[in-house]
Amino acid sequence: MKVLITATSLRAAYGGPAFSVSALADALGARDVEIGLWAADGSAAGAELLPSEARVRRMPGPLKDAVAGFAPDLIHDNGLWLAHNHRVAEMAAASGTPRIVSTRGMLEPWAIRHKGLKKQVAWRLYQRRDLQRAAVLHATAQPEAENLRAFGLGSRIVTIANGIDLPAIAARAAPSDRAARTALFLGRIYPVKGLPMLIEAWARVRPASWRLVIAGPDEAGHQRLVEDAVAVSGLGDVVSFVGPVSGEAKAAWLRDADLLVLPSHSESFGMAVAEALAHGTPVLTTTAAPWPALEDRRCGWRAAPNAEALAAALRHAFDCDAPTLAGMGAAGRAYVAETLGWDRIAAQFAALYAQLIRTRGAAVRAGEAAA
């Protein structure tokens, strides 16, 4: 079967979807699914997050050329609201090609409120209709699926998690309880990620012997606001910004951190959580991220997305000694190995694709017979 995967961007700076879409394409190609990969910003041509040996056809140029040249049996689109998402829907409807839409958290309550007026207009003009015409809507976690059902779109909703590669890592040496420890934020510096709230919570706790490292690209100039919050709180000596990180540098930060903190107001999945756990690092995030396993598997903490609750959770984490944190990290790595390997996730998508293609083929044959 031939599947065209479409996305907004496959550049690392775009964040979690760029990583998960690239990794899914690679894993599907390894399962002998014929994959074409296209991105609205042209980044599929280079596809920096794909291994050079990936069995994926990179599709540069306009969308119409990618669709015509690849002739997919199914289209898997990622994201909402943008003009190219609407074009994908129109082309799929015109050709009768089944279309899956991964909503990527873009119908979560926080996301709907952000730039809400523009989204209300788009919803009425085309977005609702485009989603109703999709064969399947894909959510990465159960809370996202429940939010999708609340829209009453009538489309089938399937929940399949993002996968994660389990890196080979050496056993980490537990630091002395007196050694300086590192809490890491990894992700886009953008309002949804809750960094001003984290700075307020950190200022309430002011832990001794801990530093906060913020790693990721600035988006829409939001870093200046976070830097101002750091300055006003008098935390300039313990909070640092290291910019975007990727490859081995990113792995080193994840591997060496004592704690990952993701203070988001909304997450459909939270790739940084999975990446940290895969590297053996415990995680503190909010209840707006779909990670009850952090508490169920004793590999992290969750707090309500407000400064008071986040500060209380930080105190719990900071009170843990080094062996406790290391044990939580090991539990998280075991959980990822058990549930989130990319081969397992790709197998679920491949089965879904095959089912939709068979259904479409049966409908075509029935129509031809009736004619």
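**Salt bridges, pockets and selected residues of the predicted model**

Glu90, Asp130 and Arg133 are joined in a network of salt bridges, a salt bridge being a side-chain nitrogen of Lys or Arg within 4 Å of a carboxyl oxygen of Asp or Glu. The structure is a predicted model, in which local features need pLDDT of at least 70, side-chain atom pairs count only at pLDDT 80 or more, and totals for chains, interfaces and linings use all residues. Residues are numbered from 1 along each chain as its sequence is written, and side-chain values use heavy atoms, with hydrogens and water left out.

Across the whole structure, 13 salt bridges were found. Side chains of opposite charge can pair when their charged atoms come close. One of the pairs is formed by Arg204 and Glu200, with an N to O distance of 3.0 Å. Both residues belong to helix H7 (residues 195-205), where four residues, about one turn of the helix, separate them; helices (H or I, at least four residues) and strands (E, at least two) are DSSP runs, numbered from the N terminus. Arg204 is partly exposed, with a relative accessible area of 43%, and Glu200 is likewise partly exposed, at 39%. Here buried means under 20% relative accessible area, exposed over 50%, and partly exposed in between (1.4 Å probe, protein chains only).

A salt bridge also connects Lys64 and Asp65, whose closest N and O atoms are 3.3 Å apart. Lys64 counts as exposed because its relative accessibility is 52%, whereas Asp65, at 40%, is partly exposed. In a further pair, the closest N and O atoms of Glu275 and Lys250 are 2.8 Å apart. This salt bridge links distant parts of the chain, with Glu275 in helix H10, Lys250 in helix H9 and the two positions 25 residues apart. Both Glu275 and Lys250 are buried.

Open space in the model was examined next. Rolling a probe the size of a water molecule over the atoms shows where empty space is left. On a 1 Å grid over the protein atoms alone, a cavity is a set of points where a 1.4 Å probe fits but cannot get out, and a pocket is an open set with protein on both sides within 12 Å along at least five of seven lines; lining residues have an atom within 4 Å of a point. Grid points are joined across faces, edges and corners, and a volume is the space filled by probe spheres set on the points.

The largest pocket holds about 1,200 Å³ of space. Its lining consists of 48 residues, and those nearest the centre are Tyr14, Pro17, Met106, Arg188 and Glu219. Two or more lining residues come from each of helix H1 (16-30), helix H4 (109-113), helix H5 (116-132) and helix H10 (271-278). The lining comprises 24 nonpolar, 14 polar and ten charged residues, where Ala, Val, Leu, Ile, Met, Phe, Trp, Tyr, Cys and Pro count as nonpolar, Asp, Glu, Lys and Arg as charged, and the others, Gly among them, as polar.

The second largest pocket has a volume of about 560 Å³. Of the 24 residues that line this pocket, Phe19, Ile164, Asp165, Lys250 and Glu275 lie nearest its centre. Lys250 and Glu275 are also the partners of the salt bridge between H9 and H10. H1, helix H9 (247-256) and H10 each contribute at least two lining residues, and the largest share, six residues, is supplied by H9. By class, 13 residues of this lining are nonpolar, five polar and six charged.

Helix H10 also contains Leu277, which is buried at 0% relative accessibility. The C-alpha atoms of Leu277 and Leu254 are 8.8 Å apart in space, with the two positions 23 residues apart in sequence. Residues up to four places away in sequence aside, Leu277 touches Val283, Trp291, Leu294, Cys299, Gly329, Gly332, Arg333 and Val336, contact meaning heavy atoms within 4.5 Å.

Positions in loops complete the description. Asp32, in the loop between H1 and strand S2 (34-39), has a positive phi of about 70° although it is not a glycine. Asp32 is exposed, at 55% relative accessibility. Arg104, also not a glycine, has a positive phi of about 55° and lies in the loop between strand S5 (99-102) and H4. Arg104 is buried, at 13%. Ser155, in the loop between helix H6 (142-150) and strand S7 (156-159), is buried with a relative accessible area of 12%. A polar atom of the Ser155 side chain lies 3.5 Å from the backbone oxygen of Gln132.

Definitions and conventions. A polar contact is a pair of N or O atoms within 3.5 Å; within protein, one must be able to donate a hydrogen and the other to accept it, and residues adjacent in sequence count only if both atoms are side-chain atoms.
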